[in-house]
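I opened the notebook with the sequence on one side and the coordinates on the other. I wanted to go through the fold step by step and write down what I looked up.

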Amino acid sequence: MRPSDPPPLPSLRAAGMRHTPQRQHILEVLQQGDHPFTVEEIWERMPKGRSGIPTIYRNLERFIAEGWVESVLGEDQVMRFVRCHSRHHHHHIQCERCGKVVEVDGCALGSGLESMERQSGFKITRHKLMLFGLCPICAEKER
Ligand SMILES: [Zn+2]
Ligand SMILES: [Zn+2]
Ligand SMILES: [Zn+2]
């Protein structure tokens, strides 16, 4: 289980990125909650006039490559971004009611992947998997 306090922001410098206020702000915005944000929502929460949406996109791509951020394609086909804390291979579960996203460490696909390789003849090198369900709070309301 993750502690309830979010871990500190990752070090831009350690990842070889120049420390800019803008990069810092994007990470701080994403750090604010467990709900994914669209790029426009990130932009709205940034200090005014600081950066354009294309720049935010570019930084998000860099953060995704670094494993700090994960993109989540919603049912509405809109891409949203959420902070990633796990440094290992992991998956995300999104609540279908409130949109909250949590990380789950580990992967239950193991032997399933082998069978998919046999079926397809592909050597599978990576995968992305999004899980959906009801978070404890929404499940409680449901009852
Ligand atoms: Zn993650
Ligand atoms: Zn929920
Ligand atoms: Zn996996």
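The entries below go from the whole chain to the domains, then to the core, the sheet and a few single residues.

**Entry 1, overall layout.** I began by noting that this is a predicted model, and I read everything after that with this in mind. I counted 5 helices and 5 strands in the protein, and when I read them along the sequence I obtained the pattern α-α-α-β-β-β-β-α-β-α. For the extent I took the C-alpha trace along its principal axes, where the protein spans about 50 × 45 × 30 Å. I then looked up burial and found that 13% of the 143 residues are buried. Among contacts with a separation of 6 or more, 45% come from residues 24 or more positions apart.

**Entry 2, domains.** I looked up the domain assignment, which gives domain 1 as residues 1-85 and domain 2 as residues 87-143. The centres of the two domains, taken over C-alpha atoms, are 21 Å apart. Where they touch, I found 9 residues of domain 1 in contact with 9 residues of domain 2, and the domain 1 side of this contact has 4 nonpolar, 3 polar and 2 charged residues.

**Entry 3, the core.** Which residues make up the largest nonpolar core? I listed 12 residues, namely Ile26, Leu30, Phe37, Ile42, Ile56, Leu60, Phe63, Trp68, Val69, Phe81, Val82 and Val101. I then asked which elements supply them, and found that helix H1 (21-31), helix H3 (53-66) and strand E2 (79-83) each give at least two residues, with H3 giving the most, 3 residues. As general background, I noted that nonpolar side chains tend to be buried together in soluble globular proteins. I picked Leu60 for a closer look and, leaving out residues up to four places away in sequence, I found that Leu60 touches Ile26, Val39, Val69 and Phe81.

**Entry 4, the three-stranded sheet.** I moved on to an open sheet of 3 strands, which has the order E4-E3-E5 and mixed pairing. Its edge strands are E4 (101-105) and E5 (130-133), each of which pairs on one side only, and the twist from one strand to the next averages 30 degrees. I took the two pairings in turn. E3 and E4 run antiparallel and are joined by 5 bridges, and in this pairing I found Val104 in E4 as the bridge partner of His91. On the other side, strand E3 (residues 90-95) pairs with E5 in the parallel sense over 4 bridges, where His92 stands opposite Met130 and Cys95 has Gly133 as its bridge partner.

**Entry 5, the hairpin and Arg97.** I followed the chain from E3 into E4 and noted that the two form a hairpin with 5 residues between them, and that Gly99 in the turn has a positive phi of about 85 degrees. Arg97 is found in the loop between these strands, E3 and E4. Is Arg97 buried or partly exposed? I put Arg97 down as partly exposed because there are 14 C-beta neighbours inside 10 Å, and this count falls between the limits of 12 or fewer for exposed and 20 or more for buried. Leaving aside neighbours within four places in sequence, I found Arg97 in contact with Leu134 and Cys138. I also checked Arg97 against Gly112, which is 15 residues away along the chain, and the C-alpha atoms of the two are separated by 29 Å.

**Entry 6, helix H4.** I turned to helix H4 (residues 110-120) and found that the helix is hardly covered, as the count of buried residues among its 11 residues is 0. After H4 comes Gly121, for which I read a positive phi, near 75 degrees.

**Entry 7, Gln77.** My last check was on backbone angles outside glycine. Most residues other than glycine have a negative phi, and I therefore wrote down the next case separately. Gln77 has a positive phi, near 65 degrees, and lies in the loop between strand E1 (69-73) and E2. I counted Gln77 as exposed because there are 6 C-beta neighbours inside 10 Å.

Definitions and conventions:
Residues are numbered from 1 along each chain as its sequence is written. Chains are lettered from A and ligands numbered from 1 in the order in which they are written. This is a predicted model: local features need pLDDT of at least 70, side-chain atom pairs count only at pLDDT 80 or more; totals for chains, interfaces and linings use all residues. A nonpolar core is a set of buried Ala, Val, Leu, Ile, Met, Phe, Trp, Tyr and Cys residues joined through C-beta atoms within 7 Å. Two residues are in contact if their C-beta atoms, placed from the backbone, lie within 7 Å. Two strands pair if DSSP finds at least two bridges between them. Axes are lines fitted to C-alpha atoms, for helices over the stretch in contact, and angles run from 0 to 180 degrees between N-to-C directions. Domain bounds come from an automatic or database domain assignment. Ala, Val, Leu, Ile, Met, Phe, Trp, Tyr, Cys and Pro count as nonpolar, Asp, Glu, Lys and Arg as charged, and the others, Gly among them, as polar.
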